[in-house]
Amino acid sequence: MTVSVRDVAIAAGVSVGTVSNVMNRPDKVAPATVARVAAAIEELGFVRNDAARQLRAGRSRSIGMIVLDASNPFFAAVARGAEARAEEDRLSVLLGNSDEDPAREEAYIDLFREQRVNGVLITPTSTATEMLARLRDAGVPVVLVDHEMPNSQFCSVSVDDVEGGQLATEHLLQQGRRKLAFVGGPASIPQVEHRLEGARRAVAEVPGASLEVIEMPALTVLNGRTAGEVISRREPAQRPDGVFAANDLLAVGLLQGLSIFGGMRVPEDIALIGYDDIDFAEATVVPLSSVRQPAQKIGHTAVELLLKVIENPDGEYERRVRFRPELVVRRSSGG
Ligand code: RIB
């Protein structure tokens, strides 16, 4: 007779939900209860459904991928690169959008584990460390995308965002701009923090240069437009003469906001540079300077690395792949 979760619950004197928590989130259950449930599992010889399924059948022919913002062309390009490599091995990519929300991210992590995907690619929110460890401990290979966790064993494919921030800011300084603004997003996004760090390093090298930070709630076109309005409504003497936007979506919005709310000319009145070099960057009314991340290559390489981890978790291969950012100069910064 097959032992069920209910049998375990009765034997341990707890609810079925507690048994499930002990199996999926033991850190959230009192140690004494964990011990009682574990003893009942052992005594009854209970085998979890997903464990049984894995014994009966191989994993699904799929890879789970969780991005921070599916509406951002950067992540669409990363996903396209991942899909191209996955298809070479007849694997599908299941895409989840966390919208920078840890709760949504956790739901996708649980879903991909239940779906028994071969592995997971993720651009994590800053709080994901514990969840990722649980995924790994559940035997699901993980590769971080566009983000690195130096003090972890996680493999990653990323870009040096500190260098990228320095490139963007040095370029504005080389155009003679001195009163700079960094328009960024929530401090919870590590990529944004690294870009800002690069900007600070560049400004520190130039006497008389200054850098103010304008933090927006999210890295979107609408928030960029709002930032443009904030800058435009200032007295001319209080306005920056150069802006580094943490990504191209913010920069596109800034182009709109600076023009609509203040009639400010880019680059004559204010130089502007973004980050990512999404396809639209060169198509904006004033073609956008940016710092290019090789998005499709990041996605392709991430799948390549994940397949190595699946095949040989402790193998001798490069576990942290880091690409160099590239400055792309167009009209918006005076190019
Ligand atoms: O998700 C916010 C940003 O982080 C994206 O635009 C991309 O630059 C990523 O690195």
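Me: Which residue stands opposite Val-142 in β4?

Reply: Val-120 does. Keep in mind that this is a predicted model. Val-120 and Val-142 help us find how the strands are placed. Strand β3 covers residues 120-122 and is joined to β4 by three bridges. The two strands run parallel.

Me: How does the chain get from β3 to β4, and what is the hand of the crossover?

Reply: Follow the path. From β3 the chain goes through helix α7, residues 129-137, and then reaches β4. This β-α-β crossover is right-handed.

Me: Which strand pairs with β4 through Val-143?

Reply: Look at β5, where Cys-155 stands opposite Val-143. Strand β5 spans residues 155-159. Three bridges join β5 to β4, and these strands run parallel.

Me: Where do the side chains of β4 point?

Reply: Start with the general idea. Side chains in a regular strand alternate between the two faces of the sheet. Now the case here. In β4, residues 142-145, Val-142 and Leu-144 point one way. Val-143 and Val-145 point the other way. All four are buried.

Me: Now for empty space. How many cavities of 30 Å³ or more are there?

Reply: The count is one. The space in the largest cavity is about 140 Å³. It is lined by 14 residues, and those closest to its centre are Leu-68, Asn-72, Phe-75, Leu-219 and Asn-247. Two elements, α5 and α9 (190-204), each give two or more residues to this lining.

Me: What kinds of residue line the largest cavity?

Reply: Sort them by class. Five are nonpolar, four are polar and five are charged.

Me: Why does the largest cavity lie between domain 2 and domain 3?

Reply: Check who supplies the lining. Domain 2 (59-159 + 295-323) and domain 3 (161-293 + 327-333) both give residues to it, so the largest cavity lies between them.

Me: How much space lies in the second largest pocket?

Reply: About 270 Å³. This pocket has 14 lining residues, and Pro-73, Ala-77, Asp-279, Ala-295 and Gln-296 are the closest to its centre. Helices α5 (73-88) and α12 (295-311) each supply at least two residues of the lining. The most come from α5, with five residues. By class, the lining holds seven nonpolar, two polar and five charged residues.

Me: Where does the second largest pocket lie with respect to the domains?

Reply: Use the lining again. Both domain 2 and domain 3 give residues to the second largest pocket, so it lies between them.

Me: Let us turn to the backbone. Which residues does a cis peptide bond join?

Reply: Val-266 and Pro-267. Read omega for that bond: it is about 5 degrees. Pro-267 sits in the loop between α11 (248-262) and β9 (271-273).

Me: What is the phi of Asp-99?

Reply: Phi is positive, about 50 degrees, although Asp-99 is not a glycine. Asp-99 lies in the loop between β2 (92-97) and α6 (102-114).

Me: Which residue in the loop between α6 and β3 can I look at next?

Reply: Try Arg-116, which is found in that loop. Arg-116 has a positive phi of about 55 degrees, and it is not a glycine either.

Me: Are Asp-99 and Arg-116 buried or exposed?

Reply: Take the cut-offs first. Buried means under 20% relative accessible area, and exposed means over 50%. Asp-99 has 44% relative accessibility, so it counts as partly exposed. Arg-116 has a relative accessible area of 15%, so it is buried.

Technical notes: Residues numbered from 1 in each chain as written. Predicted model: local features only at pLDDT ≥ 70, side-chain atom pairs only at ≥ 80, totals over all residues. Heavy atoms only, no water. 1 Å grid on protein atoms, 1.4 Å probe; cavity = no way out; pocket = protein on both sides within 12 Å on 5 of 7 lines; lining within 4 Å. Points joined across faces, edges and corners; volume = space filled by probe spheres on them. Nonpolar A, V, L, I, M, F, W, Y, C, P; charged D, E, K, R; others polar. Domains from an automatic or database assignment. Buried < 20%, exposed > 50% of the residue type's maximum accessible area, 1.4 Å probe, protein only. Pairing = 2+ DSSP bridges. Right-handed = clockwise from strand over helix to strand, strands pointing away.
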